[in-house]
Amino acid sequence: MALCTPGGCHLLTPQIRVFPSTLSPLPAQLPLFHKPNSKILKLTNSTIATPRASMANDNGSPSISASQYTGRIGKVKRVTKETNVFVKINLDGKGVADSSTSVPFLDHMLDQLASHGLFDVHVRATGDIHIDDHHTNEDIALALGTALLQALGDRKGINRFGDFSAPLDEALIHVSLDLSGRPHLSYDLQFPTERVGTYDTQLVEHFFQSLVNTSGMTLHIRQLAGKNSHHIIEATFKAFARALRQATEYDHRRAGTVPSSKGVLSRA
């Protein structure tokens, strides 16, 4: 800007005066964006979580919702002049063990069956244990085999076969089984003692023979190593539990068909 006078023209430098009272205070925090009438959306676990049962399993196999699937359950009550036995087994359980048989060592072994097979096993038994444990041991196994038979039903979609080797310290036991409907026991265990506590080691074979007879199972039990009777028996029940778990679980590729070229698996 220039100012001209009779003496000549001169450039003027503009000056701006700022009065603090004329400025509006700045807000403490400026928003990055603003949308008129926008609403705040709050996400909670209840609104974003998806029930696990309705999602696909991590391995890509389809899942079954809890409301559609209650498990395969067998229940048997067996009453004789020698014993009174009740057995309930859920093949699709969580490994809940609840056994009271009046034979402490057998209770311990049934706990192994539940825990390592992930079966829910409920057993109540009384018997003539003032004589010995033979009748109680036998009738529990007969009832358990019958309950297993009930729970399996037509056996559609199951793996059918199970095979497992279980170590317990120096003991190593191999169990192989087939839910074929044909009862057979092949048994080869050698115990260095006649008893574990008050439990007669001969009753182990009798237990599995009784279970095989009523369940319609082909069962092979072999001792690969072992010097301690307790370890040998416990490893046997653990290996049996894991093999039975394999055999009773579903094969999704089979799509609900009977795992037999005959199209039928039954005791008949």
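These are my notebook entries on a predicted model of one protein chain.

**Entry 1: the whole chain**

I began with the overall make-up. The chain holds five helices and twelve strands. It has 268 residues, and 38% of them count as buried. I then looked up how far apart in sequence the contacting residues are. Among contacts with a separation of 6 or more, 74% join residues 24 or more positions apart.

**Entry 2: the nonpolar core**

Which residues have the most contacts inside the largest nonpolar core? I found L177, F207, L219 and F240 in that role, in a core of 56 residues. Helix α5, residues 229–248, gives the largest share of this core, with ten residues. I kept a general remark beside this: nonpolar side chains tend to be buried together in soluble globular proteins.

I picked L219 for a closer look. Leaving out residues up to four places away in sequence, L219 touches V175, S176, L177, H184, L185, S186, F208, V212 and F240. Two of its partners, L177 and F240, are also on the list of residues with the most contacts in the core.

**Entry 3: helix α2 beside helix α3**

Next I turned to how the helices pack. Helix α2 covers residues 104–117 and helix α3 covers residues 134–152; their axes come within 12 Å and cross at roughly 20°. An angle under 35 degrees counts as roughly parallel, so α2 is roughly parallel to α3. The crossing is right-handed. On the α2 side I noted L106, L110 and L113, which meet N137, I140 and L144 of α3. By class, the residues of this contact are five nonpolar, one polar and no charged.

**Entry 4: helix α3 beside helix α4**

What does α3 do with helix α4, residues 202–215? The two pack at an angle of about 30°, and their axes are 7 Å apart. This pair is therefore roughly parallel too. I also wrote down that α3 and α4 make a right-handed crossing. From α3, the contact takes in H134, N137, E138, I140, A141, L142, L144, G145, T146, L148 and L149. From α4, it takes in L203, H206, F207, S210, L211, T214 and S215. I sorted the contact by class and got nine nonpolar, eight polar and one charged residues. N137, I140 and L144 of α3 appear here as well as in the contact with α2. F207 of α4 was already in my notes from the core.

**Entry 5: two residues with positive phi**

I went looking for backbone surprises. Most residues other than glycine have a negative phi. L118 is not a glycine, yet its phi is positive, about 55°. I found L118 in the loop between α2 and β6. With a relative accessible area of 32%, L118 is partly exposed.

R155 is likewise not a glycine, and its phi is positive at about 65°. It sits in the loop between α3 and β7. Is R155 buried or exposed? R155 counts as buried, at 1% relative accessibility.

**Entry 6: three single residues**

H122 is in strand β6, residues 120–127. At 23% relative accessibility it counts as partly exposed. I checked H122 against D111: they are eleven residues apart in sequence, and their C-alpha atoms are 9.7 Å apart in space. Not counting residues up to four places away in sequence, H122 touches F86, V87, K88 and D98.

F164 belongs to strand β7. Its relative accessibility is 22%, which makes F164 partly exposed. How far apart are F164 and K238 in space? I read 9.0 Å from C-alpha to C-alpha, with their positions 74 residues apart in sequence. Setting aside neighbours within four places in sequence, F164 contacts I173, H174, V175, A239, R242, A243 and Q246. V175 also turned up among the partners of L219.

S229 is part of helix α5. Its relative accessible area is 4%, so S229 is buried. Which residues does S229 touch, apart from those up to four places away in sequence? I listed F191, P192, T193, V196 and T201.

Methods:
Residues are numbered from 1 along each chain as its sequence is written. This is a predicted model: local features need pLDDT of at least 70, side-chain atom pairs count only at pLDDT 80 or more; totals for chains, interfaces and linings use all residues. Side-chain values use heavy atoms; hydrogens and water are left out. Axes are lines fitted to C-alpha atoms, for helices over the stretch in contact, and angles run from 0 to 180 degrees between N-to-C directions. Helices (H or I, at least four residues) and strands (E, at least two) are DSSP runs, numbered from the N terminus. Angles under 35 degrees count as roughly parallel, over 145 as roughly antiparallel, 65 to 115 as roughly perpendicular and the rest as oblique. A crossing is left-handed if the near helix is turned anticlockwise from the far one by less than a right angle, and right-handed if clockwise. Contact means heavy atoms within 4.5 Å. Ala, Val, Leu, Ile, Met, Phe, Trp, Tyr, Cys and Pro count as nonpolar, Asp, Glu, Lys and Arg as charged, and the others, Gly among them, as polar. A nonpolar core is a set of buried Ala, Val, Leu, Ile, Met, Phe, Trp, Tyr and Cys residues joined through side-chain atoms within 4.5 Å. Buried means under 20% relative accessible area, exposed over 50%, partly exposed in between (1.4 Å probe, protein chains only).
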